[in-house]
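Subject: Structure for you to look at

Hello,

Here is the structure I promised to pass on. Please open it and keep it beside you while you read my notes below.

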Amino acid sequence: MVKLTKIFVLLLLLTVSTAGCFRSEPLIPASTPPAEKPAPSGDKKAVPNHLSIWTHYGGIETMAAKFKESYPDLSIDIKVIPYSEYTGAYLQALADGKPPDVMMVDSADFGNFSAIEGLEDLLQPPYQAGKYRNDFSPSIWESVMSADGNELIAFPLSTTPTVTYYREDIMRQYGFPSEPEELAKYMEDPANWLHMAKELREHNIYLTQWVNETVQLFERSEGIFDRKLNFMRYNEAFHKAVEIAKKVNDFGLEAHLDVWGDMGRKAVQDGTIAMMYFGTWGVEQIKEWAPETAGKWRETRLPFGLYGWQNSTNFLLPSDGVNKEMGWKFIEFAVTEYSKDGLSGAVPAYLPARGNAKELAATNPFLGGQKTYALHEDLMTRVREFPTTPLDVKAQEIWESEIASGIEKRLATKQIIADARDKIEQSLAKEKQILLNTMKKK
C-alpha cells in the first residue's frame, strides 16, 4: 500500500484539530440477539484475552456483549471519544505506535486514514476479506479502499442516506403535496421547490436555513476528488446546484437561522423551519428539540431528484494492535452477524443483512407511523457512496467559502465554480503533489 510517513500524519493532525464538526449517524445497535453467533475459535488459548476498541459512537457495549458470549474469558475495553476529538486521537495513537486493537471511524473522516502507515490490509492473510466482496455494493467497497485503490483498509458496518424531514401538516395546510413520495416527485423539479419556498416564505415559513444548504445536498452524491485527485465538481450537476442557490439568495428564501442554535431550535418548534435535510438520525434530533410536534413530521427523499449519502460507519484494524486476531474476529462478527438483527435505523453495509422483516415493518410514531427503515433501505439501492481523500477537509472549507463569496458577488455560475476549483488547486498544490508522488512510487 502507498502509505505516507509520520510527518504527513502530523500534518493531518494539524488539519483535523482546526476542522469543523460533521454530524454523523449515531450507531445504537439493536438490543435483541443476533440471528446467528460467530463460531467459537478452535484454539482460544492462542488468542489473548483482552480486546480494546476505540469509538465515538454510543451503543457499542451491546455489540461487544453479544460477541463476548462466544468468548466468555475475553475482557473488552471500550473507549468512547467525543466526535470533535476522535480523529486526532486516532492519528496520534497510530503515529506513536500505541493504537487500540479496533478503531471505528466515520466515512466523513476516513480520508484522514486512507494514505498513512499503521493499518492492516484486510485483503491479505490471515483476514482474507476479499471473500466478502460480492456481499457489499461496489461503491461502498470502493469507498473503504486505500488512497491508491489497492488495499482494503476498513470494513464497513453500516451506511445511511441523507433524507428530507418536513412538516406534513404545513404542506397540507398550504396546498402542497404532503405524502412522502408525492412530495418527493413534486420537488424533483427545482422550479417546484422554489415556488413552494416562495409561497411559504410569505407566511414566515422556510425550507432552507442558509443559501449554501441546497448546494450541500448535491455534495452528498459527489466527492471533491477522484482517485487521481482530479477535481470533480466542475460539472452540470454543480452548475445546477449553484443556480438554485443563487435563486435562494436573490429571492431571500433562506431563514438565516441555524437549527443547532437556540433561535434555530425555536424555529423548529414553532414551524418557522418546515424542512430539514439530515441523516436518518434526524428524527431523534427533532424529537429532542420539539417533542410537542410528534406526528407532524414525515421523511422522504431529497429534492431535485438527488439521492444523497450521509455517511458510513467503518472498522479499522491497526497494525500495531496487540490483539489483531481477536480484533478481526470482532469486526467480522459485527459486520456479517450482528448487523443481521438490525442497526436501529442505519442500513447494514453487508447486503445479506438487509431485508430484515421486523425492521422493514417497524413504524415510527413521531413520523406519523411511517415505515422509515423501509424507506432507508430503498434509498440505499440508489445512493452511491464515494471515496474520500486526505485533502477533503481543507478543500471543503475553501469550496464553501468560495461558493458563498461568489453568490454574494453575483458572479456567473461557471465562474463561481471555476474560482473555487482554482483556489483549491492553488492552496493544496503541495499536499496534492506529496500524495501523487507517493502513489507513483508504488
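Start at N314. Leaving out residues up to four places away in sequence, N314 touches M103, M104, V105, D106, S107, V144, A154, F155, P156 and L157. This is a predicted model, so please read everything here as computed. N314 sits in strand β7. Its relative accessibility is 1%, and N314 therefore counts as buried. One of its contacts comes from far along the chain: N314 and D106 are 208 residues apart in sequence, yet 6.2 Å apart in space, C-alpha to C-alpha. The side chain of N314 also makes a polar contact with the side chain of S312, at 3.2 Å.

Now go to F155. Neighbours within four places in sequence aside, F155 is in contact with L122, A129, Y132, F136, W141, T313, N314, F315, W328, I331, V335 and T336.

F155 also matters for the next item, the nonpolar cores. Which residues touch the most other members of the largest nonpolar core? They are F113, F136, F155 and F315, in a core of 54 residues. Several elements each supply at least two residues of this core, including β1 (50-55), β4 (155-167) and β7 (308-316) among the strands. Helices do so too, among them α2 (60-68), α3 (83-96) and α13 (324-336). The largest share, seven residues, comes from α13. Another core lies apart from this one. That core has 51 residues, among them L200, V242, I244 and W399.

W399 leads to a helix pair. Helix α16 covers residues 392-408, and helix α17 covers residues 413-427. Two packed helices are described by the angle between their axes and the distance between the axes. Here the axes come within 9 Å and cross at roughly 150 degrees. The crossing is right-handed. On the α16 side, the residues that meet α17 are A395, I398, W399, E402, I403, G406 and I407. On the α17 side they are I416, I417, D419, A420, K423, I424 and S427. By class, this contact has nine nonpolar, two polar and three charged residues.

Next, K432. Is K432 buried or exposed? Its relative accessible area is 15%, and buried means under 20%, so K432 is buried. K432 lies in helix α18 (residues 429-440). Apart from neighbours within four places in sequence, K432 is in contact with L229, L391 and E425. With E425 there is a polar contact, side chain to side chain, at 3.0 Å. K432 and P390 are 42 residues apart in sequence and 9.1 Å apart in space, C-alpha to C-alpha.

Three backbone details deserve a look.

- The peptide bond from P125 to P126 is cis, with omega near 5 degrees. P126 is in the loop between α4 (107-110) and α5.
- Q128 is not a glycine, yet has a positive phi of about 55 degrees. Q128 lies in the loop between α4 and α5, and counts as partly exposed at 40% relative accessibility.
- F304 is not a glycine either, and has a positive phi of about 65 degrees. F304 is in the loop between β6 (297-300) and β7, and counts as buried at 4% relative accessibility.

Last, the whole chain. Its secondary structure comes to 18 helices and eight strands. Of its 442 residues, 58% count as buried. Take the contacts with a separation of 6 or more: residues 24 or more positions apart account for 78% of them.

Best wishes

Conventions:
Residues are numbered from 1 along each chain as its sequence is written. This is a predicted model: local features need pLDDT of at least 70, side-chain atom pairs count only at pLDDT 80 or more; totals for chains, interfaces and linings use all residues. Side-chain values use heavy atoms; hydrogens and water are left out. Axes are lines fitted to C-alpha atoms, for helices over the stretch in contact, and angles run from 0 to 180 degrees between N-to-C directions. Helices (H or I, at least four residues) and strands (E, at least two) are DSSP runs, numbered from the N terminus. A crossing is left-handed if the near helix is turned anticlockwise from the far one by less than a right angle, and right-handed if clockwise. Contact means heavy atoms within 4.5 Å. Ala, Val, Leu, Ile, Met, Phe, Trp, Tyr, Cys and Pro count as nonpolar, Asp, Glu, Lys and Arg as charged, and the others, Gly among them, as polar. A nonpolar core is a set of buried Ala, Val, Leu, Ile, Met, Phe, Trp, Tyr and Cys residues joined through side-chain atoms within 4.5 Å. Buried means under 20% relative accessible area, exposed over 50%, partly exposed in between (1.4 Å probe, protein chains only). A polar contact is a pair of N or O atoms within 3.5 Å; within protein, one must be able to donate a hydrogen and the other to accept it, and residues adjacent in sequence count only if both atoms are side-chain atoms.
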